[in-house]
Each structure stands twice: as structure tokens, then as C-alpha cells.
Amino acid sequence: MKRRVWLLGALGLAIGLGVPFAIGGEATLSRLRGLPPGLWFSALSMIVVAWNANAVRLRLLLGGVGRPMGQVQAVGTVMATEFAICASPAGTGGPVTLVMLLRRHGVGTAQALAVYAVDQLMDLLFFVTVLLAMALYWLLAPADDRAVLLLAPLAAPLAIGLGVALLLT
């Protein structure tokens, strides 16, 4: 079983690395070599901080359903879920992975799905708040044509989503 997991992991890594090389060829490596080391460190640091913040949120949600989880296990669960989201079409593997891992932790399927739904709603709430703050800034800041071009693609899905939500209620 472990051998098969390692084989599938190696195959996934090879395919994941092969796609950029097939599209960009040698230019991919030269562009990566051109990035300053500080930028690499900053990007990796932001990823680690985000995983830990999501793990704290998962621990809070699991504490609410009576199944506390340690930080290391929560970070592992978050990482596995994020990788499953990235590796599956349209992110469909994320909820399945999280439910399976939470079931191993002793959380029921319905509670695990509820934890996933609340987690996604909290993300949505954050991004809607940021988009509304950006729109407010856009309205109050001095007019700049470039800002309109940058904010319009972000505001359009928000407006469409709010419109659909209003029509459905």
C-alpha cells in the first residue's frame, strides 16, 4: 500500500512538473532562476502562515463540535485538503479529502460537511468584505481610470452573485 502511494505521489509530481516544462520549455527554469531568494522566502512564509491560520480556524470549528484537534494534525489536514483542491478538477477533491480525514478523527460525515461548509462561508465572507472595502475605496478615492480597469473585473462577479442571491430569495 505504501509503495503504491509513493508511486502515485511520484507520478503526480512528475506530471505536475512536466506541464510547465511542456508549455514553457527551458524558459521556465530561467525565469525561476531570475527570482530573488527573498521573494522565494516571502512566498513560502506566506504559505506556511496561511496553512497555520487555516489550521487554527479548523481547530476552532472542531472544538465547536466536541472533537478537538492538535495544531500539527490540523496543519496536515489543511495541507492535504489544499493539495486535493489543487489536484482535482474544479477542486472537487477538497471536500471529499477533508470529510475523509475528519472521519478518521472521529467526526461524523454530516458534521464534517458542516465544518467544510462553515469554513468556505468564512472564506467567502472575508473576500466579500475585502471586495466591498475596495469598492468603497474606489468610490471615495480620487478618480483614476486605471483603478476602474483593475476593480471592474473584481466587482462584476460580486454584483452578479448578489443579484442572483436577491433573485433567489
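This is a dialogue about reading pockets, a cavity, buried side chains and aromatic pairs in a predicted model.

Trainee: Where should I begin with the open spaces, and which residues line the largest pocket?

Mentor: Begin with the volume, then ask who lines the space and which helices those residues come from. The largest pocket holds about 420 Å³ of space, and its lining consists of Val-5, Leu-8, Gly-9, Phe-83, Ala-84, Cys-86, Ala-87 and Arg-104. Helix H1 (2–24) and H4 each supply at least two residues of that lining, with H4 giving the most, 4 residues. By class, the lining divides into 6 nonpolar, 1 polar and 1 charged residues.

Trainee: What classes of residue make up the lining of the second largest pocket?

Mentor: There the lining has 5 nonpolar, 3 polar and 4 charged residues, around a space of about 210 Å³. Among the residues that line the second largest pocket are Asn-54, Arg-57, Leu-58, Glu-82, Leu-98, Tyr-116, Asp-119 and Asp-123. Helix H3 (37–64), H4 and H6 are the elements that give two or more residues to this lining.

Trainee: How many cavities of 30 Å³ or more does the structure hold, and which residues line the largest cavity?

Mentor: A cavity is read as a space from which the probe cannot get out, whereas a pocket is open. The structure holds 1 cavity of 30 Å³ or more, and the largest cavity has a volume of about 50 Å³. Leu-131, Met-134, Ala-135, Trp-138, Leu-151, Leu-154 and Ala-155 line the largest cavity; by class they are 7 nonpolar, with no polar and no charged residues. H6 and helix H7 (145–168) each supply at least two of the lining residues, and H6 gives the most, with 4 residues.

Trainee: Turning to single residues, is Thr-77 buried or exposed, and what does the side chain of Thr-77 reach?

Mentor: Read the accessibility against the cut-off, and then look for polar partners and contacts. Thr-77, which lies in helix H4 (residues 71–87), has a relative accessibility of 6% and therefore counts as buried, the limit being under 20%. A polar atom of the Thr-77 side chain lies 2.8 Å from the backbone oxygen of Gln-73. Once residues up to four places away in sequence are set aside, Thr-77 touches Leu-58, Met-69, Leu-98 and Leu-101.

Trainee: Where does His-105 lie, and why does His-105 count as buried?

Mentor: His-105 is in the loop between helix H5 (93–104) and helix H6 (109–140). His-105 counts as buried because its relative accessible area is 18%, which falls under the 20% limit. The His-105 side chain reaches the backbone oxygen of Pro-68 at 3.0 Å. Pro-68 also appears among the contacts of His-105, together with Leu-62, Arg-67, Met-69 and Gln-73, when neighbours within four places in sequence are left aside.

Trainee: How many aromatic pairs are there, and what is the geometry of the one formed by Phe-126 and Phe-127?

Mentor: For such a pair, look at the distance between ring centres and then at the angle between the planes, with angles over 60 degrees read as edge-to-face. The count comes to 2 aromatic pairs. Phe-126 and Phe-127 form one that is edge-to-face, at 5.1 Å centre to centre and with 75° between the planes.

Trainee: And why is Phe-126 called partly exposed?

Mentor: Phe-126 has a relative accessible area of 49%, so Phe-126 falls between the 20% limit for buried and the 50% limit for exposed.

How values were computed: Residues numbered from 1 in each chain as written. Predicted model: local features only at pLDDT ≥ 70, side-chain atom pairs only at ≥ 80, totals over all residues. Heavy atoms only, no water. Phe/Tyr/Trp six-rings, centres within 6.5 Å; stacked < 30°, edge-to-face > 60°. Buried < 20%, exposed > 50% of the residue type's maximum accessible area, 1.4 Å probe, protein only. Polar contact = N/O pair within 3.5 Å; in protein donor to acceptor, adjacent residues only side chain to side chain. Contact = heavy atoms within 4.5 Å. 1 Å grid on protein atoms, 1.4 Å probe; cavity = no way out; pocket = protein on both sides within 12 Å on 5 of 7 lines; lining within 4 Å. Points joined across faces, edges and corners; volume = space filled by probe spheres on them. Nonpolar A, V, L, I, M, F, W, Y, C, P; charged D, E, K, R; others polar.
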